[in-house]
Amino acid sequence: LTLPGILFPQKCERCGRAGASIPCRAAAGCSRLYHFPCAAASGCFQSMKTLRLLCPEHVAEAVDTEDARCSVCKGPGDLRDLAFCTSCGQHFHGACLDISLTPRKRSGWQCPECKVCQTCRQPGRDSAMLVCEACDKGYHPFCTEPATQGLPTGSWRCKNCWVCSDCGRHSAGLGSSCPWSPGSAVCGDCQQRRATADAPTAPEHAAQPDPPTQTSEPPVPSEPTDAPVPPPELEPVGGDEETQPLLNPKETPPDPKETPPDPNETPPDPKEAPPGHAQSPPGEL
């Protein structure tokens, strides 16, 4: 058994590794060599009938080739936009299939009629298969790991093309400790990191508010009011300070009941009856 690197020491124009065996067949001569999947990824024109390959710089020479026709529009159109089906050998414009051709999609590309599931290698229509938006490869929903229930309504990527949007790791490089769900955009580690960052953190020693101080004073209204405030009631003093006589604190105040008689006042006549009492007639007791 001969090693490919020894049998074909030439390097591939695309990947730079040894083993390239398909040369460009340009009329003016070209020294470029390719691996078969690298030729498709580079956008080379390949003819299955004539076994001729033209590199992207000489692809214009394929305009007169019999099979340089799109199977949809039946014309050569833009030869750089032709995709080569690795199963049937037909060519399709990416615009005619409404797909953007990238090197990842061109490599090992299969047309809608030849597409098979990459897991079980059984055929299936695009409408009944999961088609990766990155490589355009097909998978049966029940052949994915884990199995997918139904077809997703949005975009979907296979396990070979999935990349974590946070850390940039591929699903093939994730171990069992970092699971990945096909419906998620991030790996298990990044999901846990996001959940930890979004979780609210409670302070270790939360300061307790001081209890309100109880006072006997009425509460002060928070907002001023326009209602008039009545003046405080004053106890009667008993007279004006200017008319009140000064009293000696050592003397005992006189009793109002024992008021001494006025010497200038005439004493009442005992014969006169006090007012309000009728005098008895003489002879009556």
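## Side-chain pairs and nonpolar cores

At 13% relative accessibility, aspartate 136 counts as buried in this predicted model, since the limit for that class is under 20%. Its salt-bridge partner is lysine 115, with 3.4 Å from N to O. Lysine 115 also counts as buried, because its relative accessibility is 2%. The two residues come from distant parts of the chain: aspartate 136 sits in the loop between strand 7 and strand 8, lysine 115 sits in the loop between helix 4 and strand 7, and 21 residues separate them in sequence.

This bridge belongs to a total of seven salt bridges in the structure. Another of them joins glutamate 133 to arginine 157, whose closest N and O atoms are 3.1 Å apart. Glutamate 133 is placed in the loop between strand 7 and strand 8, and arginine 157 in the loop between strand 8 and helix 5, so this contact ties together parts of the chain that lie 24 residues apart in sequence. With a relative accessibility of 37%, glutamate 133 counts as partly exposed. Arginine 157 falls into the partly exposed class as well, at 34%. Elsewhere, Glu13, Arg32 and Glu57 are joined into one network by salt bridges that share partners.

A further salt bridge is formed by glutamate 66 and lysine 49, with 3.8 Å between the closest N and O atoms. Here too the pair links distant parts of the chain, 17 residues apart: glutamate 66 is in the loop between strand 4 (52–54) and strand 5 (82–84), while lysine 49 is in the loop between strand 3 (45–47) and strand 4. Both glutamate 66 and lysine 49 are exposed.

Turning to the aromatic side chains, a search of the whole structure gives two aromatic pairs. In one of them, phenylalanine 92 and tryptophan 109 meet edge-to-face, with 5.7 Å from centre to centre and 65 degrees between the planes. Phenylalanine 92 belongs to strand 6 (residues 91–93) and tryptophan 109 to the loop between helix 4 (103–106) and strand 7 (130–131), so the pair connects parts that are 17 residues apart in sequence. Phenylalanine 92 and tryptophan 109 are both buried.

Tyrosine 139 and tryptophan 156 also form a pair; their ring centres are 5.8 Å apart and their planes stand at 65 degrees, so the arrangement is edge-to-face. This pair, too, links distant parts of the chain, 17 residues apart, with tyrosine 139 in strand 8 (residues 138–139) and tryptophan 156 in the loop between strand 8 and helix 5 (188–198). Tyrosine 139 counts as buried because its relative accessibility is 6%, and tryptophan 156 counts as buried at 12%.

The nonpolar cores complete the picture. The largest of these has 16 residues, and those with the most contacts inside it are Cys24, Tyr34, Cys44, Phe45, Leu53 and Cys55. Leaving aside residues up to four places away in sequence, tyrosine 34 touches a set of residues that includes Cys44, Leu53 and Cys55, along with Cys12, Ala20, Ile22 and Ala39. Among its other contacts are Glu13, Arg14, Ser21, Ser42 and Pro56. Glu13 is thus a contact of tyrosine 34 and a member of the network with Arg32 and Glu57. A second, separate core has eight residues, including Leu130, Cys132, Ala134 and Trp156. Tryptophan 156 therefore takes part both in this core and in the edge-to-face pair with tyrosine 139.

Methods. Residues numbered from 1 in each chain as written. Predicted model: local features only at pLDDT ≥ 70, side-chain atom pairs only at ≥ 80, totals over all residues. Heavy atoms only, no water. Phe/Tyr/Trp six-rings, centres within 6.5 Å; stacked < 30°, edge-to-face > 60°. Helix = DSSP H or I, 4+ residues; strand = E, 2+ residues; numbered from the N terminus. Buried < 20%, exposed > 50% of the residue type's maximum accessible area, 1.4 Å probe, protein only. Salt bridge = Lys/Arg side-chain N within 4 Å of Asp/Glu carboxyl O. Core = buried A, V, L, I, M, F, W, Y, C linked by side-chain atoms within 4.5 Å. Contact = heavy atoms within 4.5 Å.
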